[in-house]
Amino acid sequence: MTRLLRCHDCDLLHEVPEVPAGSRALCGRCGAVLLARRPETVERSIALALASLFFWLVANLFPFLTMEIGGRIEPSRLASGVGGLWADGFFELAVLVLLFAVAFPFLKIAAWLAVLVPLHLGLKPRYLAPLFRGLDLLHPWAMTEVFLLGVLVSYTKIVDMASITVGPALVGFVALIVTMIWTDLTLDTAEVWDRIAAPPESGVPATSGTLLVGCHVCGVVAALSEQHGVVHGRCARCGAGLHRRKANSVSRAWALVVAALILYVPANLYPVMILVSFGEATQATILGGVQELIAAEMLPLALLVFFASITVPVLKLVGLAFLLVSVQRRSRWRTRERTVIYRIVESVGRWSMLDIFVLAILAGLVRLGNIATIEPGAGAISFAAVVVITMFGAMCFDPRLLWDAAGANDGH
Ligand SMILES: [Zn+2]
Ligand SMILES: [Zn+2]
């Protein structure tokens with residue numbers, strides 16, 4: 001049995017034959033993964049999601065890092081940084097860190113189990129489709145691996161100042177990252193959608209006046225009637241809104257790029273971190289933090305922070321602006337390579353949260369009154385806003401427009 005699929009990156013219509021377990025089907029034009037078949041996906045994913053739940057509890061219930069300085073012992077938990085940021089009056093940052101490092105990973109695990117366990121038991125409660133659709137939205141915002149990198153950077157920043165003991169929660173957190181990535185790699189979303197509701201038989205009637213539109217969440221291709229060049233409808237299987245292209249993609253993405261560009265200035269001019277030690281305050285900007293790591297002869301780490309905090313945001317903004325200009329100029333130049341640029345821009349953006357996580361960890365850990373206290377600076381909020389806004393900007397951009405502009409999708 002073949003199935004009709006539209007490529008989510010370039011909109012080419014494919015008739016995909018049955019793909020054996022362990023194999024993938026790629027788009028012949030842009031190289032996007034259309035289908036990736038995984039063996040025993042539901043059962044294996046349930047086992048891995050249960051392991052993730054266990055490690056999430058370990059990571060949140062036990063001490064994470066313990067700092068000893070001048071006879072004072074300061075234990076901290078995973079969420080201590082959230083409390084630290086809140087106490088310093090930076091509640092926006094506290095909420096972001098709580099969501100990205102603690103709440104969203106938990107919600108993701110809970111949603112996996114709530115969808116997969118009933119499917120394994122042969123049950124189909126009505127919430128399955130909306131919940132699995134929600135999981136799709138949640139995916140980029142659960143940032144455990146970025147947080148772990150933040151722990152590493154924080155550790156090297158304070159290891160000279162105090163003695164640090166690694167707690168069981170940190171070990172649990174590393175295990176949590178492994179099991180969550182493993183679950184992502186084991187879960188065959190197309191198979192889960194097929195088990196929630198069977199896809200319609202291939203060969204959707206495409207009469208004149210109708211367009212075949214692919215659902216960007218569950219992949220079903222539906223025939224929709226076209227009125228004044230606009231198609232509207234809801235996916236019969238998952239309930240997502242169907243449209244040929246993301247609405248107002250170019251102007252929305254431009255607005256977000258410009259907003260991020262403006263905020264990028266205060267993010268770099270104002271300090272992101274303030275260290276108060278014996279009544280003396282030292283302020284550090286993002287670039288200052290990198291220079292500090294170089295001075296401490298931690299070159300690999302300095303390069304890493306430079307890459308995550310300076311290179312990635314700049315490249316994302318330049319990359320998105322380049323893609324937008326190329327769509328507006330109806331460029332035909334290397335469309336496939338430009339699609340790859342889009343995929344990179346979309347996937348690396350979350351790593352820029354690194355500096356915010358470092359700040360949260362240090363603000364939670366280094367609270368020793370007069371001896372040493374680390375507080376966020378005014379630049380931190382602008383920087384977090386730049387990261388979140390550019391992530392939304394990349395999500396608003398519709399890569400299929402690159403192919404439309406190149407004339408590759410003419411004659412729908
Ligand atoms: Zn494609
Ligand atoms: Zn759908």
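1. Cysteine 10 is buried in this predicted model, with a relative accessible area of 0%, and cysteine 27 also counts as buried, at 4% relative accessibility. Both values fall under the 20% cut-off for relative accessible area, which is why the two residues are classed in this way.

2. Both cysteines belong to the site of the zinc ion (ligand 1), where the coordinating atoms are the SG atoms of Cys7, Cys10, Cys27 and Cys30, at 2.2 to 2.4 Å. Along the sequence, these donor residues of the zinc ion (ligand 1) follow the spacing C-x2-C-x16-C-x2-C. The pair formed by cysteine 10 and cysteine 27 links distant parts of the chain, 17 residues apart: cysteine 10 sits in the loop between β1 (3–6) and β2 (13–16), while cysteine 27 sits in the loop between β3 (24–26) and β4 (33–36).

3. As to geometry, the angles among the four donor atoms of the zinc ion (ligand 1) run from 101 to 114 degrees, and the site is tetrahedral. For reference, the ideal angle for four tetrahedral donors at a metal is 109.5 degrees.

4. Turning to enclosed space, the model has three cavities of 30 Å³ or more, and the second largest cavity has a volume of about 80 Å³. Its lining consists of Phe64, Ser76, Arg77, Leu78, Ser80, Gly81, Phe147, Ala360, Ile361, Gly364 and Leu365. Two or more of these residues come from each of α2 (80–87) and α12, with α12 providing the largest share, four residues. By class, the lining of this cavity holds six nonpolar residues, four polar and one charged.

5. Where does the second largest cavity lie with respect to domain 2 (45–183) and domain 3 (247–412)? It lies between them, because both domains give residues to its lining.

6. The second largest pocket encloses about 380 Å³ of space, and of the 24 residues that line this pocket, Lys157, Met273, Leu275, Glu292 and Leu362 are the closest to its centre. At least two lining residues are supplied by each of α5 (144–158), β13 (273–277), β14 (280–284), α9 (286–295) and α12 (354–365), and α9 gives the most, with five residues. The lining of the second largest pocket divides into 15 nonpolar, five polar and four charged residues.

7. Domain 2 (45–183) and domain 3 (247–412) each contribute at least three residues to the lining of the second largest pocket. Helix α12 takes part in the linings of both the second largest pocket and the second largest cavity.

Notes. Residues numbered from 1 in each chain as written. Chains lettered and ligands numbered in written order. Predicted model: local features only at pLDDT ≥ 70, side-chain atom pairs only at ≥ 80, totals over all residues. Heavy atoms only, no water. Donors = N, O, S within 2.8 Å, 3.2 Å for Na, K, Ca; no water. Tetrahedral: all angles 85-135°; square planar, octahedral: opposite > 155°, others 65-115°. Buried < 20%, exposed > 50% of the residue type's maximum accessible area, 1.4 Å probe, protein only. 1 Å grid on protein atoms, 1.4 Å probe; cavity = no way out; pocket = protein on both sides within 12 Å on 5 of 7 lines; lining within 4 Å. Points joined across faces, edges and corners; volume = space filled by probe spheres on them. Nonpolar A, V, L, I, M, F, W, Y, C, P; charged D, E, K, R; others polar. Domains from an automatic or database assignment.
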